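Please walk through the model below, beginning with one side chain and its surroundings and moving on to the strands.

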Amino acid sequence: MMGVGTLAAAGLVVTAVTSGGFSPTSSSTSSCGYGYGTCPTPTPTPTPTPVAPALGYHMVGADGGIFNFGHAGFYGNTYTLGLTGLTGSHPLNAPIVAMAENPTGKGYWMVGADGGVFNFGSAGFYGSTYSLGLTGLTGSHPLGSPVVGIAPTPDGKGYWLVTKAGYVYSFGNAKFYGDTFSYGLTGLSGSHPLNAPIVGIAAAPDGTGYWLVAADGGVFNFGSAGFHGTTYSLGLTGLSGSHPLNAPIVGIAPTESGNGYWLVAADGGIFNFGNAGFDGSTYSDGLTGLTGSHPLSAPIVGIVPTANSGGYWIIGKDGGIFNFGNAGFYGNTYTLGLTGLTGSHPLSAPIVGAAD
């Protein structure tokens with residue numbers, strides 16, 4: 001029962017608060033990446049001095065609750081801002097969908113499906129989709145599709161948001177290197193739609209590019225982010241076809257060098273590409289995915305690699321943690337006395353993301 005967790009409604013004082021700000025994306029006609037085209041060479045962003053990795057991790061719930069384990073500090077959550085989760089007198093405008101750790105330590109961001117950004121501790125606020133004049137998921141100027149992910153720049157002075165349709169928004173010192181529309185794709189509908197929705201974004205280690213991953217295992221690479229393969233490269237045929245995935249892909253994580261990445265599926269399957277090593281999956285633990293004789297208690301929602309890429313954590317929607325390689329176990333929501341998504345003491349909302 002290692003690690004100390006903080007329950008979602010803990011009344012600690014937040015050190016920073018947000019919800020509005022700047023930095024429109026620029027347009028791009030580049031068709032680089034995804035295994036074809038030539039990307040222009042971007043100007044490198046200086047990489048800050050690495051911070052010693054914390055021996056712990058955070059999880060975030062759809063209601064904005066934060067759970068911290070090991071040496072991962074608690075710096076606030078949406079409840080400490082006076083919000084009341086997904087219901088109550090002052091609810092979130094939209095569920096939280098992802099979080100990201102400040103690379104310099106001592107803080108984190110979370111993002112809502114409406115593009116609202118909440119920053120805590122040393123994580124600075126550099127804007128949200130509302131800062132661009134958008135009005136969330138409804139209103140006079142809504143998003144074309146919900147936001148599904150956030151990725152910070154290496155120095156933590158900016159971040160990218162990505163939507164389900166593959167549109168990228170850049171804030172602070174995060175530069176725009178393209179999105180799925182840059183390939184001539186038309187989002188989730190139109191004349192040339194995505195095969196499957198985008199589910200995540202990961203930044204290249206030098207800060208001059210990023211990867212997007214879709215639910216079918218397709219990977220889109222931009223700027224300095226190299227293409228190392230997709231589930232299609234393995235002979236799989238996405239979410240349908242003759243040899244489909246057992247379950248949708250839900251996340252992507254790059255190696256320390258950026259010369260590889262892992263994809264994780266909702267059933268706990270791991271796909272490794274480039275220099276990303278395979279250290280196990282939930283199947284390695286004797287589990288049988290989302291069905292079968294010994295299924296997961298809840299779908300997987302994400303993956304977090306260790307600082308030296310020698311292992312990774314896989315996170316369940318119920319707050320369960322699976323650790324592989326040199327990734328240590330520091331606790332999960334069950335070690336706090338919670339009982340997953342049901343039971344006598346369930347989570348107030350599903351876990352939607354994690355960060356180290």
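In this predicted model, a polar atom of the Asp-179 side chain lies 3.4 Å from the backbone nitrogen of Val-168. Asp-179 itself sits in the loop between β8 (168–172) and β9 (198–203). Leaving aside residues up to four places away in sequence, Asp-179 touches Gly-166, Tyr-167, Val-168 and Phe-222.

Is Asp-179 buried with a salt bridge or without one? Asp-179 is buried and has no salt bridge. The nearest side chain of opposite charge belongs to Lys-164, 17 Å away. A salt bridge requires a side-chain nitrogen of Lys or Arg within 4 Å of a carboxyl oxygen, so Lys-164, at 17 Å, does not supply one.

Strand β8 leads to the sheet that contains it. This open sheet has three strands in the order β6-β7-β8, paired antiparallel. Because β6 (147–152) and β8 stand at the edges with a single partner strand each, one side of each is left without a neighbour in the sheet. With direction ignored, neighbouring strands of this sheet are turned by 20° against each other on average. The pairing of β7 (residues 158–163) with β8 is antiparallel and runs over five bridges. Within this pair, Trp-160 stands opposite Ser-170 in β8.

A second open sheet of three strands has the order β2-β1-β18, again with antiparallel pairing. Here β2 (66–70) and β18 (351–355) are the edge strands; each has a single partner strand, so one side of each lacks a neighbour in the sheet. From one strand to the next, the twist averages 20°. Strand β1 (residues 56–61) pairs with β2 in the antiparallel sense over five bridges. For Met-59, the bridge partner in β2 is Phe-67.

The remaining stop is the hairpin of β4 and β5. Strand β4 (residues 107–112) and β5 run antiparallel and are joined by five bridges. Gly-107 stands opposite Gly-121 in β5. Four residues lie between the strands of this hairpin, where Gly-115 takes a positive phi near 85°.

How many residues of β5 (residues 117–121) are buried? Four of the five are, which leaves the strand mostly covered. In a regular strand, side chains alternate between the two faces of the sheet.

Definitions and conventions. Residues numbered from 1 in each chain as written. Predicted model: local features only at pLDDT ≥ 70, side-chain atom pairs only at ≥ 80, totals over all residues. Heavy atoms only, no water. Helix = DSSP H or I, 4+ residues; strand = E, 2+ residues; numbered from the N terminus. Buried < 20%, exposed > 50% of the residue type's maximum accessible area, 1.4 Å probe, protein only. Lys, Arg positive; Asp, Glu negative; His and termini not counted. Polar contact = N/O pair within 3.5 Å; in protein donor to acceptor, adjacent residues only side chain to side chain. Contact = heavy atoms within 4.5 Å. Pairing = 2+ DSSP bridges. Axes fitted to C-alpha atoms, helices over the stretch in contact; angles between N-to-C directions.
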